[in-house]
Amino acid sequence: MYNPYGNAAEQQQQQQQRQFVGQQNLQHPQPQHAAFQPPPQQFNGVAPTQGGSTAYTSFLNDPAASLATQFARSGFEQSNQYIQQNFGQFLPTTTNDLKYYFQVSNSYVVKKLFLILFPYRNKNWNRLNLQDATGDSSSPNSQQYAPPNLDVNAPDLYIPLMSFVTYILLWAAFQGLKGDFHPQLFGYLSSQTLAFSFLDISIFKIGLYLLNCSSQASLWDLVGFSGYKYVAIIVLLCWKHLISDGWLTYYPIVLLLIANLAVFLMRSLRFIILPNLTSGTTTITVKQRRIRVQFLFIYSVIIQGLIILFMSR
Amino acid sequence: MFGLGKLLYVIIFTINGIAVLSEDRFLNRIGWGSSATNSNLQPQYQQFNTGYDANEGSSVKTRLVNLIGAVRTLMRIPLIVVNIVIILYEIVWG
């Protein structure tokens with residue numbers, strides 16, 4: 001893990017070691033390289049030789065000040081560690097960057113949109129590892145998944161973000177066509193949609209906790225998977241306003257899209273909820289397996305269906 | 001931002017509801033108390049003590065009981081603060 005505050009302590013140790021070596025070699029003078037001389041003496045000779053700025057440098061060499069800096073450094077490291085442990089999955093730090101979710105390509109977006117609306121032609125729903133996708137074994141972490149432009153099954157955040165914005169703009173446009181548009185509509189719609197997505201993800205997280213699923217799914221994976229329903233909602237909105245709103249032509253399309261999205265979600269989230277056959281750390285009983293499958297079904301069909309129905313009225 | 005205020009109220013109310021569940025008057029009566037599942041079984045079923053971590057501790061009901069107990073112990077004091085803030089907001093600004 002990249003620790004930007006661990007290098008200062010190492011450098012200080014290295015300088016002290018070089019200083020110690022320099023002092024030892026004064027008794028046995030050996031022909032040394034010219035560049036080897038300055039570092040040990042520079043550290044020693046800052047305070048006595050430079051008479052002009054002795055106040056500042058002696059302040060830093062003061063043992064109390066060095067103790068204070070050491071204390072501040074260790075305190076900062078501790079608080080950094082605390083934040084990383086508890087909130088590390090939320091914040092985009094250097095190891096948990098969100099850039100992974102935005103490495104998309106045109107062909108990936110087209111294929112994924114087609115998958116969301118019609119998920120029956122995909123044969124293999126496994127997520128690829130980084131080694132299998134690129135073919136080289138140079139990455140030390142073999143558990144890293146391939147980014148979205150190499151793997152159609154990887155979740156991304158580009159499609160959910162774009163479809164969220166498109167949904168709000170479309171809704172506002174259709175309200176304007178009907179004649180009752182007001183600028184607060186944007187804030188009202190976005191806060192309502194954010195509230196629904198928050199509820200959605202919290203239901204899934206609570207379900208994962210209660211079912212004791214030992215999964216390594218990060219939060220942003222779930223945000224991505226939960227945001228794919230905006231694509232279906234956009235299609236429903238366009239169909240409703242542009243083509244028809246009648247009972248016979250609109251509601252079968254609603255049910256069809258909900259069923260397709262449910263199949264897509266069930267096949268994608270299956271690897272989060274049910275245990276992988278290769279990693280046999282925990283085995284579950286038949287009863288637990290049945291409960292997990294039921295939870296997956298209820299989540300994918302009923303909860304997503306209700307949210308889609310409510311958001312496309 | 002009007003919808004988010006309602007969502008906040010809904011969340012606060014549900015956590016309030018979980019936090020006021022009384023341990024010995026209600027949860028133990030329906031068998032959901034966190035102390036009822038532990039202490040009564042120990043003298044009789046000694047051989048199941050080792051199995052607490054494996055399967056009996058990870059069923060849906062025990063995790064739900066643990067979740068309710070954790071919410072009750074951890075969220076009492078922050079909930080008091082948040083409720084006071086909301087009451088003051090409602091009184092002063094309607």
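**Chain B and its contact with chain A**

Among contacts in chain B between residues at least 6 apart in sequence, 70% join residues at least 24 apart. Bear in mind that this is a predicted model.

Reader: Which elements does chain B run through from the N terminus on?
Author: Start with the tally: chain B has five helices and zero strands. Reading from the N terminus, the order is then α-α-α-α-α.

Reader: How much of chain B counts as buried?
Author: Chain B exposes about 7000 Å², with carbon and sulfur atoms supplying 68% of that. The cut-off for buried is under 20% relative accessible area. Of the 94 residues in chain B, the share that counts as buried is 17%.

Reader: What area is buried between chain B and chain A?
Author: Chain A brings eleven residues to the contact and chain B brings 14. Carbon and sulfur atoms give 67% of the buried area, which comes to about 1100 Å².

Reader: Which three residues of chain B supply more of the area it buries against chain A than any other three?
Author: Together this trio accounts for 43% of what chain B buries there. The names are B:Leu7, B:Val60 and B:Arg63.

Reader: Which helices of chain B each supply at least two residues of the side that touches chain A?
Author: By class, that side has eight nonpolar, five polar and one charged residues. The helices you're after are H1 (2-19) and H4 (60-74).

Reader: How many residue pairs are in polar contact across the interface of chain B and chain A?
Author: Salt bridges first: the rule finds zero across this interface. For polar contact, with both residues at pLDDT 80 or more, the rule finds one residue pair.

Notes. Residues numbered from 1 in each chain as written. Chains lettered and ligands numbered in written order. Predicted model: local features only at pLDDT ≥ 70, side-chain atom pairs only at ≥ 80, totals over all residues. Heavy atoms only, no water. Contact = heavy atoms within 4.5 Å. Buried area = accessible area lost by both parts, 1.4 Å probe. Salt bridge = Lys/Arg side-chain N within 4 Å of Asp/Glu carboxyl O. Polar contact = N/O pair within 3.5 Å; in protein donor to acceptor, adjacent residues only side chain to side chain. Helix = DSSP H or I, 4+ residues; strand = E, 2+ residues; numbered from the N terminus. Nonpolar A, V, L, I, M, F, W, Y, C, P; charged D, E, K, R; others polar. Buried < 20%, exposed > 50% of the residue type's maximum accessible area, 1.4 Å probe, protein only. Areas by Shrake-Rupley, 256 points an atom, 1.4 Å probe, with all protein chains shown as cover.
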